[in-house]
Amino acid sequence: MSQSTDTLDPGVTAPGLGPSAEEKPQHRWWVLGVIALAQLMVVLDATIVNIALPTAQKDLGFSDGNRQWIITAYALAFGSLLLLGGRLADLIGRKTVFLIGVAGFAGASALAGAAPNFEVLVTGRALQGVFGAMLAPAALALLNITFTSAKERAKAFGVYGAIAGAGGGIGLLLGGVLTQHLSWRWTLYVNLFIAVFAFVGGLMLLRTTKRTERPKLDIPGTVLASAGLFSLVFGFSNAESDGWSSPMTWGFLAASVVLIGLFTWWQTKTTHPLLPLRILADRDRGASFAVAAICSIGMFGVFLFLTYFLQGTLGFTPVKTGLGFLPMIGALMVTAQLATNSLIPRFGPRPVVPVGLIMAAGGLVWMTGLDQSSTYAAHVLPPLILMGLGIGLVMPPAMSLATSGISAQDAGAGSAAVNTMQQIGGAIGTALLNTIAASAATNYLAGKQPTRGVLMQAQLESYSTAYWWSAGFFAAGAVLALLMYRSGRPAPLEGSAPVVHM
């Protein structure tokens, strides 16, 4: 992901070198289509399985405590290996890593889709995350060297960003359609069709890049970062089955603190750091990294538990569940445009982002009152729209500011780092909230006859508890954003490289 000068095949020029019209890559808009397809495949899998999860759980017979690993395995592998994936693209070539990522992602999807049991399904999801971590940074790097003029780059990045933003909503809807009319397994098999077009198009259209300078791989940093992030999420996940006092819980959490601390120390000593710490030094950027992680924790709670409420309590079909989330996505897109184009340039992030976080927290508090007599239109839709409006004021500005002003040589690492915060935040959120919800249901059932009504109420208690905790995370994020962001409008820094989040 480094931005040092490439020696490219004819027709491909590194950004910033002032290519002539004749040097522009041929078929570059077809290249955008290939990259967009690959990006869509990665983004879809962050949400498409959510809708299918209740059906998959019933089919394979795994427990409520284990169900979060279907989501966590993907997010954890993807988030913890993104930095490594970016470095591999620099080391062995972007086209090569891109094609390996597409083929591997398809193979992992086929494995997960054909899973006969919980263990194989989790293994397939984890492998999807591994190959996704190779695919995503390579795709972004290829986009950077394909579109070199400012006008064309803006269009290309606009398409790329739109897919990244809308992919979650498409995943929820598509997951519902496939689960209801075919099988939950088709939420994974669908990647095979996308991958065929992306792989063949990439093989035919993408050019091989040759670098005059190859960065060295920070092997100790890679091991420390990956082990630390894995220990962090694994520790939270073990709390549900083993309890907070178990060495399997606090032992892994303590190990994560030590490993991440050692990683930070090592990045200050090594000549070729995996994550140059200067990326985190800017105050607004640091605030945005923290906000992105916190917001991801809360968002994953909503998608997971509201899906179970809509299907289990209100009796929604998978398709109807996917449609039920669309108003939230629509509200998010409206305020996202408002925030990035008007509010942030005029007022800066300090007043805007905290307001969005408080709105999202308010929507979650509203959801804690959902019960068996609730209806979608009267009781689910209003807080869902409020949440969407709030998140739209938070995530797009945070992502933009997290990558603003990063120097050209750090552009790849910065883009991978902010996505790591998102993915790890989502993985922690899923593991932690699932643990808390399961504990709440167990506590409610203590001393009661497990009748159908009591079991239903126990589930509602678990959802309500998860919503309260998610609201708490959003509220804490609002305080953090208010304290960390600078006052006034953000000033663009000269010499910064255009960076697009994945």
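**Exercise 1. The whole chain**

What percentage of the 502 residues of the protein chain count as buried? Give also the helices and strands, the contacts and the surface.

Solution. The model is predicted, so local features need pLDDT of at least 70 and side-chain atom pairs count only at pLDDT 80 or more, while totals for chains, interfaces and linings use all residues. Residues are numbered from 1 along each chain as its sequence is written, and side-chain values use heavy atoms, with hydrogens and water left out.

Step 1. A residue is buried under 20% relative accessible area, exposed over 50% and partly exposed in between, using a 1.4 Å probe and protein chains only. By this rule 57% of the 502 residues are buried.

Step 2. Helices (H or I, at least four residues) and strands (E, at least two) are DSSP runs numbered from the N terminus. The protein chain has 16 helices and two strands.

Step 3. A contact means heavy atoms within 4.5 Å. Among contacts in the protein chain with a separation of 6 or more, 83% come from residues 24 or more positions apart.

Step 4. Accessible areas come from the Shrake-Rupley method with a 1.4 Å probe, and for residues only the protein chains shown count as cover. The accessible surface of the protein chain is about 19600 Å², and carbon and sulfur atoms hold 67% of that.

**Exercise 2. Helix lengths**

Compare the expected span with the end-to-end C-alpha distance for α4, α11 and α12.

Solution. The expected span of a helix is 1.5 Å times one less than its number of residues.

Step 1. Helix α4 (residues 94-113) has 20 residues and should span 28 Å; its end C-alpha atoms are 28 Å apart, which agrees. Of these 20 residues, 14 are buried, so α4 is largely enclosed by the rest of the structure.

Step 2. Helix α11 (residues 318-347) has 30 residues and should span 44 Å; the distance between its end C-alpha atoms is 41 Å, which agrees. α11 also bends by about 50° at A339, where the bend is the angle between axes fitted to the seven residues ending there and the seven starting there.

Step 3. Just after α11, G348 has a positive phi of about 85°. Helix α12 (residues 349-367) has 19 residues; 27 Å is expected and its end C-alpha atoms are 27 Å apart, which agrees. Its buried residues include P349, V352 and G356.

**Exercise 3. Polar contacts of α11**

Which backbone oxygen atoms does the side chain of T335 reach?

Solution. A polar contact is a pair of N or O atoms within 3.5 Å; within protein, one must be able to donate a hydrogen and the other to accept it, and residues adjacent in sequence count only if both atoms are side-chain atoms.

Step 1. T335 lies in α11 and is buried, with a relative accessible area of 9%.

Step 2. A polar atom of the T335 side chain lies 3.1 Å from the backbone oxygen of A331. The T335 side chain also reaches the backbone oxygen of L389 at 3.0 Å.

Step 3. Leaving aside neighbours within four places in sequence, T335 is in contact with G388, L389, G392 and L393.

Step 4. At the start of α11, a side-chain oxygen of T317 comes to within 3.1 Å of the backbone nitrogen of K320.

**Exercise 4. Ring pairs**

How many aromatic pairs are there? Classify two of them.

Solution. Rings of Phe, Tyr and Trp (its six-membered ring) pair if their centres lie within 6.5 Å; planes under 30 degrees apart count as stacked, over 60 as edge-to-face and the rest as tilted.

Step 1. The count is seven aromatic pairs. The ring centres of W186 and F193 are 6.1 Å apart and their planes are at 20°, so this pair is stacked. W186 is partly exposed at 31% relative accessibility, whereas F193 is exposed at 52%.

Step 2. The ring centres of F305 and Y463 are 6.3 Å apart with planes at 50°, so this pair is tilted. F305 lies in α10 (residues 283-313) and Y463 in α16 (residues 452-484), so the pair ties together parts that are 158 residues apart in sequence. F305 and Y463 are both buried.

Step 3. Ring pairs also link Y74, F78 and F105 into a cluster.
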